[in-house]
Amino acid sequence: DEQGVLEIWDCTSGAQEGQAVGATCSKANNQLEYESKVSTDLYKLAKKKTYARCMAMSNNYFVVYAADHKVHVYQLSTGKIQVRYDERLEVYAAKSGATYGMDSIEFGKR
C-alpha cells in the first residue's frame with residue numbers, strides 16, 4: 001500500500017468453496033524463519049516514507065521497486081533486505097560523466 005507496509009500472503013491456502021481468498025504466511029506452513037514482521041525488514045519502506053511501485057517474486061527472493069527509485073531485494077524466508085540498488089538519475093550522473101557504454105543521447109533517454 002502507499003504507507004509502505006509489505007505483507008506476505010499465501011494464495012494457495014485459505015480457499016473456501018472453490019474461491020481462493022488467501023491467508024497470511026506462517027512459519028509452520030511456508031518455511032518462514034521469523035514469527036513476527038518486527039524482526040524483518042518489511043517495515044523499511046514505511047520508515048523511509050516510500051512505497052512499492054512494482055514487485056516481482058521468485059522461489060527464494062522478492063524484489064521491490066520503490067517510489068524513491070531504489071530497488072530492494074528481499075530474501076523471502078527471512079524478510080531481510082539482501083541488497084539495495086539506488087536507481088536515481090543523480091547517482092548515475094555523478095559517476096564522473098560515465099555513460100556506461102552508451103552514446104550520450106541513449107544515456108539521456110534512459
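**Exercise 1. Classify D86 and R88 by exposure, and state what links their side chains.**

Step 1. D86 has a relative accessible area of 23%, so D86 is partly exposed. The classes are buried under 20% relative accessible area, exposed over 50% and partly exposed in between, with a 1.4 Å probe and protein chains only.

Step 2. R88 is partly exposed as well, at 33%.

Step 3. The side chains of D86 and R88 form a salt bridge of 2.6 Å, N to O. The term stands for a side-chain nitrogen of Lys or Arg within 4 Å of a carboxyl oxygen of Asp or Glu. Searching the whole structure gives one salt bridge.

The model is predicted: local features need pLDDT of at least 70, side-chain atom pairs count only at pLDDT 80 or more, and totals for chains, interfaces and linings use all residues. Residues are numbered from 1 along each chain as its sequence is written, and side-chain values use heavy atoms, with hydrogens and water left out.

**Exercise 2. Describe the order of helices and strands in the chain.**

Step 1. The chain has four helices and six strands. These are DSSP runs numbered from the N terminus: helices are H or I with at least four residues, strands are E with at least two.

Step 2. Along the sequence the pattern is β-β-α-α-β-β-β-β-α-α.

Step 3. Of the 110 residues in the chain, 25% are buried.

**Exercise 3. Find the aromatic pair and give its geometry.**

Step 1. One aromatic pair turns up in a search of the whole structure. Rings of Phe, Tyr and Trp (its six-membered ring) pair if their centres lie within 6.5 Å; planes under 30 degrees apart count as stacked, over 60 as edge-to-face and the rest as tilted.

Step 2. The partners are F62 and Y74, stacked at 4.7 Å centre to centre with 0° between the planes.

Step 3. F62 belongs to strand β4 (residues 61-66) and Y74 to strand β5 (residues 70-75), so the pair ties together parts 12 residues apart in sequence.

Step 4. F62 and Y74 are both buried.

**Exercise 4. List the residues of the largest nonpolar core.**

Step 1. A nonpolar core is a set of buried Ala, Val, Leu, Ile, Met, Phe, Trp, Tyr and Cys residues joined through side-chain atoms within 4.5 Å.

Step 2. The largest one has 12 residues: L6, I8, L32, Y34, L42, L45, F62, V64, A66, Y74, L76 and I81.

Step 3. Strand β4 gives the most to this core, with three residues.

Step 4. Beyond its neighbours within four places in sequence, I81 contacts D41, K44, H72, V73 and Y74. Contact means heavy atoms within 4.5 Å.

**Exercise 5. Describe the surroundings of two loop residues, K37 and S77.**

Step 1. K37 sits in the loop between α1 (27-30) and α2 (44-47). Its relative accessibility is 17%, so K37 counts as buried.

Step 2. The K37 side chain reaches the backbone oxygen of L6 at 3.4 Å. Not counting residues up to four places away in sequence, K37 touches V5, L6, E7, L42 and Y43.

Step 3. S77 is in the loop between β5 and β6 (81-86). S77 counts as buried, at 17% relative accessibility.

Step 4. The side chains of S77 and Q75 share a polar contact of 3.4 Å. A polar contact is a pair of N or O atoms within 3.5 Å; within protein, one must be able to donate a hydrogen and the other to accept it, and residues adjacent in sequence count only if both atoms are side-chain atoms.

Step 5. With residues up to four places away in sequence not counted, S77 touches Q31, L32, E33 and Y34.
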